[in-house]
Amino acid sequence: MDPAYIRNFSIIAHIDHGKSTLADRLLEYTGALSQREMKEQVLDSMDLERERGITIKAHAVRLEYHADDGNLYQLNLIDTPGHVDFTYEVSRSLQACEGALLVVDASQGVEAQTLANTYLAIHHNLELIPVINKIDLPSAEPERIKEQIENIIGLDASEAVLASAKSGIGIHEICEAVVKRVPHAKGDPDKPLRALIFDSWFDPYRGVIILTRILDGKVRKGQKIRLWTTETTYEVDGLGFQSPKPVPCDELSAGEVGFLFANIKTVSDAKIGDTIYEAARPITEPLPGFEEMKPMVFAGLYPIESHEHGLLRDALEKLRLNDSAFNFEPENSVALGFGFRCGFLGLLHLEIVQERLEREFQIDLITTAPGVRYLITLGNGDVLEVDNPTKWPNPSEIIKIEEPIIDATVITREEYLGEILKLLEEKRGDQKKFEHIGGGRVMLVYEMPLNEVVLDFYDRLKSASRGYASLDYHLSGHRVSPMVKMDVLVAGDPVDALSIIVHKDFAYERGKGLIERLRKLIPRQQFEVALQAAIGAKIIARESIAALRKNVIAKCYGGDISRKRKLLEKQKEGKRRMKRVGRVEIPQEAFLSVLKVS
Ligand code: GDP
Ligand code: MG
């Protein structure tokens, strides 16, 4: 199609502001789906995505729109993942667009995620169309939200579209705004092919499916293509677009968005952000912005049943076929046996992998406390990257430790400020910005260690603000910090899987809290069990679990039968998630209790 009639756009919104609902309405309005076919939130297709209301993979749906000017337009709606873990993917999806709808909830207003994604969009020079959604709500305050958009983001909101994705208000106006305000796709179909990979996934029948935006040139079936970073040549087996069902086509040309497959074996061969070109007409430069996706959060995954180790490895391999950001290597824990050290983009990513392993592969897991990757300079000049406490070098060899630092943006209401500031201080944060943004709300920007976020930051923030705080962050660099390794001993034996890396000044308090929690979590045994936290040879906290005297049921005095049954069931449930370490049975919660600070 002539690029002049193509509009590529995406939707930017804070979670729950109505992105998926609006996408559904657009599909329905342009006739991509009949009302009968309409299942709510068509774009969030994976089960997990649907349940959690988040988009994990990008999607690109082609819509045909007959505009008021009498012309037929091709609108490509590119849906992006809406979570900080996936910022790189979001930025590649935005690179495939010329514009974006900035959806803001008419009663909630601008939130941290709105800002973060807006800045990404501005960085990519996208034309932003503010859409104030949920104007059907009695609490909607469109005028106040317009002011917010102008004050905080600095965007002209006078022509913001007022909409209700739920009741279908403003949908026509949104389509017209996309046609009139989003710049048309540029690009020359006769130039050598240059195309961006903005997502990829593995299909068992066709191999890797690539979602691509064609910048210049054309791609056709049978064509020999090359990928810039891997320098490998493939032959295109098929191509098409989603509408939202896959529709095969003969060619994709400059300006268009679609999918292609070329017998590529794993997603790590078709990296997000990489450039596709034609083998016969090489290009001299790739598209800008490519980065290798690097895991930032690390944890050990262990099967509860040690005979499921092989099963777990197969499952991890299958998941990796589809997720190049996820990596793993075998690791061996004295406490937990054979398992895998895994790297994730962030906590949500970890949770998704964990959930899929349990749900799709039915493997019961023990996950050790997530941590980050430290840069450690040794006396001999070597610099190590250490993401596993068990690989922590001997302190006498360490010259310098650097930890990853993030810029965190928090938006909240003034009444919760006291609690939140206290939390941010406790999490070793340095204030960089404090701004009243109107309507009794405040925007805070803090520089803080990523390590403190992977601990229990989200939960603490939520409870400090009763849910009225939004958070977004991105990695900003590294900073030298006096970190130490803290070990935990159960009945005199060090349990390697419970070791964590903490800031020296916080070690005593953390150790004490951890030992207290473990005391409550580890059931009584036939003998007294000593619990100790230690840094090197120095014990910094200790507690003991008294020996078991009677069996549990004796406590119920025979009376209440249903209570007895409950107790037994609870015990059975607990059994499933126990791991015997030395002489002591330790429940799964104990491994996670390392995370909680108070
Ligand atoms: P997303 O997280 O941005 O994709 O948000 P969703 O589209 O999943 O919407 C979040 C919630 O807001 C859902 O319960 C929707 O039904 C609701 N919602 C979306 N748009 C509207 C709207 O225009 N009006 C009202 N009242 N509710 C809406
Ligand atoms: Mg959604």
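**Helix packing and an annotated binding site**

Helix 3 (residues 87–95) packs against helix 4 (residues 112–123) at an angle of about 40°, and their axes lie 9 Å apart. The model is predicted. Two topics follow: the helix pair, then the binding site that UniProt annotates in an unreviewed entry.

**Helix 3 and helix 4**

- The two helices are oblique to each other, because their angle is about 40° and angles from 35 up to 65 degrees fall outside the roughly parallel and roughly perpendicular classes.
- The crossing of helix 3 over helix 4 is right-handed.
- Helix 3 contributes Thr87, Val90, Ser91 and Leu94 to the contact, and helix 4 contributes Asn117, Leu120 and Ala121.
- By class, the residues of this contact are 4 nonpolar and 3 polar, with no charged residue.

**Annotated binding site**

- The UniProt record, an unreviewed entry, places the feature "binding site" at Asp16, His17, Gly18, Lys19, Ser20, Thr21, Asn133, Lys134, Ile135 and Asp136.
- Asp16 sits in the loop between strand 1 (6–13) and helix 1 (19–29).
- Asp16 has a relative accessible area of 63%, so this residue counts as exposed, the cut-off being over 50%.
- Beyond its neighbours within four places in sequence, Asp16 is in contact with Asp105 and Lys134. Lys134 is also one of the residues in the UniProt feature.
- Ser20 lies in helix 1.
- Ser20 is buried because its relative accessibility is 15%, and the limit for buried is under 20%.

Methods. Residues are numbered from 1 along each chain as its sequence is written. Chains are lettered from A and ligands numbered from 1 in the order in which they are written. This is a predicted model: local features need pLDDT of at least 70, side-chain atom pairs count only at pLDDT 80 or more; totals for chains, interfaces and linings use all residues. Side-chain values use heavy atoms; hydrogens and water are left out. UniProt positions are given in the numbering used here, feature names are shortened, and annotations may be inferred rather than shown by experiment. Helices (H or I, at least four residues) and strands (E, at least two) are DSSP runs, numbered from the N terminus. Buried means under 20% relative accessible area, exposed over 50%, partly exposed in between (1.4 Å probe, protein chains only). Contact means heavy atoms within 4.5 Å. Axes are lines fitted to C-alpha atoms, for helices over the stretch in contact, and angles run from 0 to 180 degrees between N-to-C directions. Angles under 35 degrees count as roughly parallel, over 145 as roughly antiparallel, 65 to 115 as roughly perpendicular and the rest as oblique. A crossing is left-handed if the near helix is turned anticlockwise from the far one by less than a right angle, and right-handed if clockwise. Ala, Val, Leu, Ile, Met, Phe, Trp, Tyr, Cys and Pro count as nonpolar, Asp, Glu, Lys and Arg as charged, and the others, Gly among them, as polar.
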